[in-house]
Amino acid sequence: MRVARVQAQAKVNLGLKVFSTRDEQGYHMLLTTFQRIDLADDVVVRSGGGSRSLDVSGPRIPDGGLGPAEKNLAYRAALAFVEHPKITMPRGFSIELTKKIPVGGGLGGGSADAGAVLRAMNAIAPQPLDAEDLRDVATSLGSDVPFLAGELVTATAVGRGELFQPFPTPNASPMAIIIPDFAIATKDAYAWLDHDRPNDGFGEFNGFGVGAPPPSFPGWDVFGEDGNDFEPVVEKRHPVLRDFREMLTDAGAVLSHLAGSGSSVFGVFDVLSWSTLDHDALGLDVAALGADVIHTRTSARVVEVEVLQ
Ligand code: C5P
């Protein structure tokens, strides 16, 4: 039995542009900047034996549970890994997942778990996959998985989100994330986008010309202007999310956006604005609207896989 533990760091999109151009599977082309954050699920993977299992615990399991194990992205990631033609390791595995990332919040929780499982399994595989093969497995699982299965803290991504280049990582910065009492399915958010922004006015994907990354982090303002294409269409259906963004900006956030396609909203603070932020008042204001606040930071590194056995 081989065992590895890894922190499945969540992500936010500092900027997110969605084009009308789609690939053969119907996925929209994206241009986004991913940033890992310290908020993470805890994932332990055991490889060996003949059976397969997924145990989930932790504070962020929705009331209805997470559904059948076989449909969970972490389980599917492990299955795709052990069944990969280049992998020679036992087909059995067990996964323990401690959920701390809210589900349906746009923080890439399920994708982070899948990415973490792939990184953990690759760390204990007798003949690990190279980065490209691992990325292909990750791409087959979902848009955010290739970034979260990779080794970059900050990256600009194009395509479905599977083609990326490093982007300079900002200093670890305090972040407040407001978690509303409802989730948003990614699929629904894309459907709202298609409905509100018909193809002709929507922008064609012009290839992969994202240009060379800047030599150092250009500052949060860069991501304020272009923003997140989901904001207008999601906030139209859930106006409270706009209120949350404004609350964060009023509280001193230097950048505030919807996380991915929602439903959570994040605010990045600098050290000064964080130290003067009235956390209790923000917590109470947000609680009055049925939401809660998680305090975390943008990550300065990708947490390494710990091989335990
Ligand atoms: O990537 P994920 O499987 O989480 O996406 C869920 C759904 O969101 C997809 O089935 C698709 O309808 C939509 N989607 C999309 N374009 C993307 C990502 C997701 O249309 N780049």
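## The ligand and its surroundings

Modeller: Let's start with α5, as the largest share of the shell around the ligand, three residues, comes from there. Keep in mind that this is a predicted model.

Colleague: Which elements give two or more residues to the shell around the ligand?

Modeller: Those are β2 (28-47) and α5 (186-196). As for the residues around the ligand, they are G26, Y27, H28, L30, G142, S143, T186, K187 and Y190. Having a heavy atom within 4 Å of the ligand is what puts a residue on that list.

Colleague: What makes the pair between Y27 and the ligand a polar contact?

Modeller: The cut-off is 3.5 Å for a pair of N or O atoms. A polar side-chain atom of Y27 lies 3.4 Å from an oxygen atom of the ligand, so the pair passes. With S143, a backbone N or O atom lies 3.0 Å from a ligand oxygen, so that one counts too.

Colleague: And why does Y190 count as a polar contact of the ligand?

Modeller: A polar side-chain atom of Y190 lies 3.5 Å from a nitrogen atom of the ligand. The rule says within 3.5 Å, so Y190 is in. As for cover, the ligand has 440 Å² of accessible area on its own, and the protein covers 75% of that.

Colleague: How do you know that the ligand sits in the largest pocket?

Modeller: The test is that more than half of its atoms lie within 2 Å of the pocket's grid points. The ligand is found to sit in the largest pocket, so it meets that test. About 1,400 Å³ of space lies in this pocket. It has 45 lining residues, and the closest to its centre are L73, S111, D144, T186 and K187.

Colleague: Which element gives the most to the lining of the largest pocket?

Modeller: That's α5, with five residues. By class, the pocket lining has 17 nonpolar, 18 polar and 10 charged residues.

Colleague: Why is the other space called a cavity?

Modeller: In a cavity, a 1.4 Å probe fits but cannot get out, whereas a pocket is open; that's why the names differ. There is one cavity of 30 Å³ or more. About 40 Å³ of space lies in the largest cavity, so it clears the 30 Å³ mark.

Colleague: What lines the largest cavity?

Modeller: Its lining is Q7, A8, Q9, R36, A112, G115, A116, R119 and L148. The most comes from α2, which gives four residues.

Key:
Residues numbered from 1 in each chain as written. Predicted model: local features only at pLDDT ≥ 70, side-chain atom pairs only at ≥ 80, totals over all residues. Heavy atoms only, no water. Polar contact = N/O pair within 3.5 Å; in protein donor to acceptor, adjacent residues only side chain to side chain. Areas by Shrake-Rupley, 256 points an atom, 1.4 Å probe, with all protein chains shown as cover. 1 Å grid on protein atoms, 1.4 Å probe; cavity = no way out; pocket = protein on both sides within 12 Å on 5 of 7 lines; lining within 4 Å. Nonpolar A, V, L, I, M, F, W, Y, C, P; charged D, E, K, R; others polar.
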